[in-house]
Amino acid sequence: MNRSLSEHLYEEALKHIVGGVNSPSRSFKAVGGGAPVFMKKAEGAYFWDVDGNRYVDYLAAYGPIITGHAHPHVTRAIQEAAANGTLYGTPTELEIRLAKMLKEAIPSMDKVRFVNSGTEAVMTTIRVARAYTKRNKIIKFAGCYHGHSDLVLVAAGSGPSTLGIPDSAGIPTSIAHEVITVPFNDAAALKDALDRWGDDIAAVMVEPIVGNFGMVMPKPGFLEDLCRLARQYGALVIYDEVITAFRFHYGSAQTYAGLANHEAIRPDLTALGKIIGGGLPIGAYGGSKKIMEQVAPLGPAYQAGTMAGNPASISAGIACLEVLQGAGIYEEMDRLAAKLTDGLAGSARRHGVPLTINRIRGSFSTHFCDHPVTNYDEAQDTDSAAFAAFFRAMLNRGVNLAPSKFEAWFLTTAHTDSDIDFTLEAADAAFKEIAGK
Ligand SMILES: Cc1ncc(COP(=O)(O)O)c(C=O)c1O
Ligand SMILES: N[C@H](C=O)CCC(=O)O
């Protein structure tokens, strides 16, 4: 596949943009280096690069593009919003509409506040939890990624793990000391941490279903234990649902049928992003009225944003959720993902390539190993070279994946059976290539 124009643009980008990319996750450093592909157009399930090559896309921009690229309903909403002015700096009725949609789908949120990214949403939930509890420390889980604010860039998954910097430079030791990290799916370790630091823990922060060291389900009872222990020690529970909200069903992980005891796993605060912006920048956080009333102008915890709640992002979010309310939408993504993962597993087996697949409805992760992946250690203990070879072999056959062994594959409402067949043909050839090495 000729990608000479991408290579040329990468050379240019390196001169002007640090690392040539505007988010480190986009670099190909972890998959052998070289030029990332410069895309020119995206529509439905496909990308076209600057050299004219077509790719079936499973990156979905790291999750937000659940309705496929340039979905007509979402595009129309953005165009209409833009024609009416992109930014007001005043409240709008649209914000109330999206806030109501989120509250109806996620019952633990009595009050919502819109921000511009998942990072901002998470960062503010921590501030609110600290304001409410008057405590300083948080507990997080190794390999969970919560954006790039200081406090959560300790033992961070996703891009930081991929690039070998899970503990970013530039974070003062005093801040790093405010974070305690424990293994995901390990309630005993959480209890030990709470026994030791419980009096000063403001919140336990978790991706209730992990999306950042692959897709990893909580073990039965883990979230119940997490919520019970946190409350026993007077700490709040924060769910980072930036990936998971509206990903598996019309709602969030905290109401997903695949998890039992919804009352027992109800969080105090939830951070949102990605899908709720329909492909435009957004974040949101919410929780019970009592806790959210800590936030200015009602309370002492300050949070603000010039761009927050802008009509374009909010309109795109509303339109995206409207599409997701359609009958059978999630069932179809589930069916196609099952067909894809069954095919991938069979093909890997035939070629003798060890592969563990974690699938949750329309999203899944592929781990090049022969053991289960239930925590960060297990996700790290996989064959990075095999993933890199697979990634490149797929790209060269017109299938776009995230350039990291920790990131998920995302189905969208635009994928079809013929895309899955195309992908499986590419994967069979890719596994054959890896097995021959
Ligand atoms: C679970 C989770 N939380 C937070 C974030 C940060 O969101 P953003 O990239 O929009 O700042 C991400 C993704 O980047 C994420 O996957
Ligand atoms: N996995 C991350 C978010 O979910 C990737 C986003 C990024 O780092 O650009």
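Visitor: Let me start with a pair of strands. Which residue in S6 stands opposite Ile-139?

Guide: Ile-139 faces Ile-180 in S6. Before we go on, keep in mind that this is a predicted model. As a general idea, strands of a sheet pair through backbone hydrogen bonds, either parallel or antiparallel. Here, S5 and S6 pair in the parallel sense, over four bridges.

Visitor: What about the pairing of S5 and S7: is it parallel or antiparallel?

Guide: S5 and S7 are parallel, with three bridges between them. One place to look is Ile-138, which stands opposite Ala-203 in S7. Notice also that S5 is largely enclosed by the rest of the structure, because four of its five residues are buried.

Visitor: I have been using "buried" loosely. How should I read it?

Guide: Count neighbours: a residue is buried if 20 or more other C-beta atoms lie within 10 Å of its own. You can try that out on Tyr-62 in a moment.

Visitor: First, let me see the whole sheet. In what order do its seven strands come?

Guide: The order is S4-S10-S9-S8-S7-S5-S6, in an open sheet with mixed pairing. At the edges are strand S4 (111-115) and strand S6 (179-182), each pairing on one side only. From one strand to the next, the twist averages 20°.

Visitor: Where can I find both kinds of pairing?

Guide: For the antiparallel kind, look at S4 and S10, which are joined by five bridges. Within that pair, Val-115 stands opposite Gly-283 in S10. S4 is mostly covered, with four of its five residues buried. For the parallel kind, follow strand S7 (residues 201-206) and strand S8 (residues 236-240), joined by four bridges. There, Val-204 stands opposite Val-237 in S8. Helix H8 (residues 222-232) packs on the sheet, touching S7 and S8, and its direction makes about 145° with that of S8.

Visitor: Which residues of H8 are buried?

Guide: They are Phe-222, Leu-223, Leu-226, Cys-227, Leu-229 and Ala-230. The general idea is that an α-helix has 3.6 residues a turn, so residues three or four places apart point the same way. In this helix, the buried residues pack against helix H7 (187-197), S7 and S8. Just after H8 comes Gly-234, with a positive phi of about 75°.

Visitor: And H4? How many residues does it have?

Guide: H4 (residues 118-133) has 16 residues, and it reaches 23 Å from its first C-alpha to its last, close to the 22 Å expected. H4 is largely enclosed by the rest of the structure, because twelve of those 16 residues are buried. Among them are Gly-118, Glu-120, Met-123 and Tyr-132. H4 lies across S4, strand S5 (137-141), S7, S8, strand S9 (269-273) and strand S10 (283-287), running at about 165° to S9.

Visitor: What surrounds the ligands?

Guide: Around ligand 1 there are 14 residues, the closest being Ser-117, Gly-118, Thr-119, Gly-147 and Val-242. The largest share of that shell, three residues, comes from H4. The shell divides into four nonpolar, eight polar and two charged residues. Ligand 2 has its own surroundings, including Ser-23, Tyr-62, Asn-212 and Glu-407. This second shell has three nonpolar, six polar and one charged.

Visitor: Now for Tyr-62. What is the sign of its phi, positive or negative?

Guide: Start with the general rule: most residues other than glycine have a negative phi, and most peptide bonds are trans. Tyr-62 has a positive phi of about 65°, although it is not a glycine. You will find it in the loop between strand S3 (54-57) and helix H2 (72-83). Tyr-62 is buried, because 22 other C-beta atoms lie within 10 Å.

Visitor: Where else could I look for a positive phi?

Guide: Try Lys-274, not a glycine either, with a phi of about 45°. Lys-274 sits in the loop between S9 and S10, and it counts as buried, with 27 C-beta neighbours inside 10 Å. Then there is Lys-134, following H4, whose positive phi is near 55°.

Visitor: Which residues does a cis peptide bond join?

Guide: It joins Ala-296 and Pro-297, with omega about 15°. Look for Pro-297 in the loop between helix H9 (289-292) and helix H10 (311-324).

Key: Residues are numbered from 1 along each chain as its sequence is written. Chains are lettered from A and ligands numbered from 1 in the order in which they are written. This is a predicted model: local features need pLDDT of at least 70, side-chain atom pairs count only at pLDDT 80 or more; totals for chains, interfaces and linings use all residues. Helices (H or I, at least four residues) and strands (E, at least two) are DSSP runs, numbered from the N terminus. The expected span of a helix is 1.5 Å times one less than its number of residues. A residue is near a molecule or strand if its C-beta atom, placed from the backbone, lies within 6 Å of it. Ala, Val, Leu, Ile, Met, Phe, Trp, Tyr, Cys and Pro count as nonpolar, Asp, Glu, Lys and Arg as charged, and the others, Gly among them, as polar. Two strands pair if DSSP finds at least two bridges between them. Axes are lines fitted to C-alpha atoms, for helices over the stretch in contact, and angles run from 0 to 180 degrees between N-to-C directions. Two residues are in contact if their C-beta atoms, placed from the backbone, lie within 7 Å.
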